[in-house]
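Biologist: Before accepting the descriptive terms, I should like to see how each one is justified.

Modeller: Please put your questions term by term.

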Amino acid sequence: MALSLSFDILDLKTRHPFTIARGSTTAYRVVRVRLRDADGLEGWGEAAPSRYYGETADTVAAALGRLAPALPADPSDLEGADAALLRAAPQDAAARVAVSAALHDLAGKRLGAPLWRLWGLDPARAPLSSFTIGLDTPERMQAKVREAAPYPILKIKVGTPDDAAVLRAVREVTDKPLRVDANAGWTVSEALARLPLLEEMRVELIEQPVAPDDVEGLAAVHRASRIPIVADEACRTAADIPRLAGAVDGINIKLAKCGSLREALRMVESARAHRLSVMVGCMIETSLGITAAAHLTPLLDLADLDGAALLERDPFAGATIDAGRIVLPTGPGLGVTER
Ligand code: MG
């Protein structure tokens, strides 16, 4: 029962230019993968490539050419598929996870069950999702905070010389829990110098304060900080977790980094074994990619799955965020439909 793979590249625009410590853009390209089985059932998945991790829509398209021949003869052999896909395109995590999600979508559709049910999860256990406020002038960030009224937790992008002005401006207009993400934008001494300000602003979590390969630096910030530290760029796959244990309080899983839904599950298990908290994040992506990640949320402590909410137009409907609450779809597989 051979599977056929096809894909299309989707151009996305965010409502505001999305700016983090590394740069700014409004235009994003993602890739929707379709796997069709002999009965005509289709599984879908999304690749949201990031240049930071060496991928673009074009590298995804090229990688899919190598992944198609590695698809399993039996589409329900999800474990076997995982290893074969990794061998076929080891550097192409976003491309691989699109195929992994499509295989899981198809498996759920063949069995008539949503993915969370196949995994034995209770969707009511999903944590609230935060909503991200990209870097901007303090005034415009205040306006974005007001626009984010339906979201109970805000994640503020930081990592510039204006951090104090930005955080004070945000705190002036909201009492909501605030998390910050420096996207590796601080040196260790800059991160340490900002801790009193972050405490004064009642920040509840700091994501990736310093460079991803600087585990000693992460550990130094972690030792000095009363606020929990979460590794994002420093933690791509489960293999990164043992060296981060003791250096941070938690890890941020993203499908586009880890390359498969099963690797995401391995990351959860490994993080738990190392007594780390677990968050799931996202890239700028549609509800197809977000929903694949959302099926993991009943296993997790923290979620930041606003990628589709930042889009001008979302071509898919799937998991939704209702006043911060992640609502998982009840349809089979990923439960995603075209809008
Ligand atoms: Mg992050």
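Biologist: Why is K155 called buried or exposed?

Modeller: The model is predicted, and local features need pLDDT of at least 70, side-chain atom pairs count only at pLDDT 80 or more, and totals for chains, interfaces and linings use all residues. Residues are numbered from 1 along each chain as its sequence is written, and side-chain values use heavy atoms, with hydrogens and water left out. K155 has a relative accessible area of 3%; buried means under 20%, exposed over 50% and partly exposed in between, with a 1.4 Å probe and protein chains only. K155 is therefore buried.

Biologist: What makes R34 partly exposed?

Modeller: The relative accessibility of R34 is 24%, so R34 counts as partly exposed.

Biologist: How do you know that the side chains of K155 and E207 are joined by a polar contact?

Modeller: Their distance is 2.9 Å. A polar contact is a pair of N or O atoms within 3.5 Å; within protein, one must be able to donate a hydrogen and the other to accept it, and residues adjacent in sequence count only if both atoms are side-chain atoms. The side chains of R34 and E42 also make a polar contact, at 3.4 Å.

Biologist: What makes β5 and β6 paired strands?

Modeller: Strands are DSSP runs (E, at least two residues), numbered from the N terminus, and two of them pair if DSSP finds at least two bridges between them. Strands β5 (residues 154-157) and β6 (residues 178-181) have 4 bridges, in the parallel sense. K155 lies in β5.
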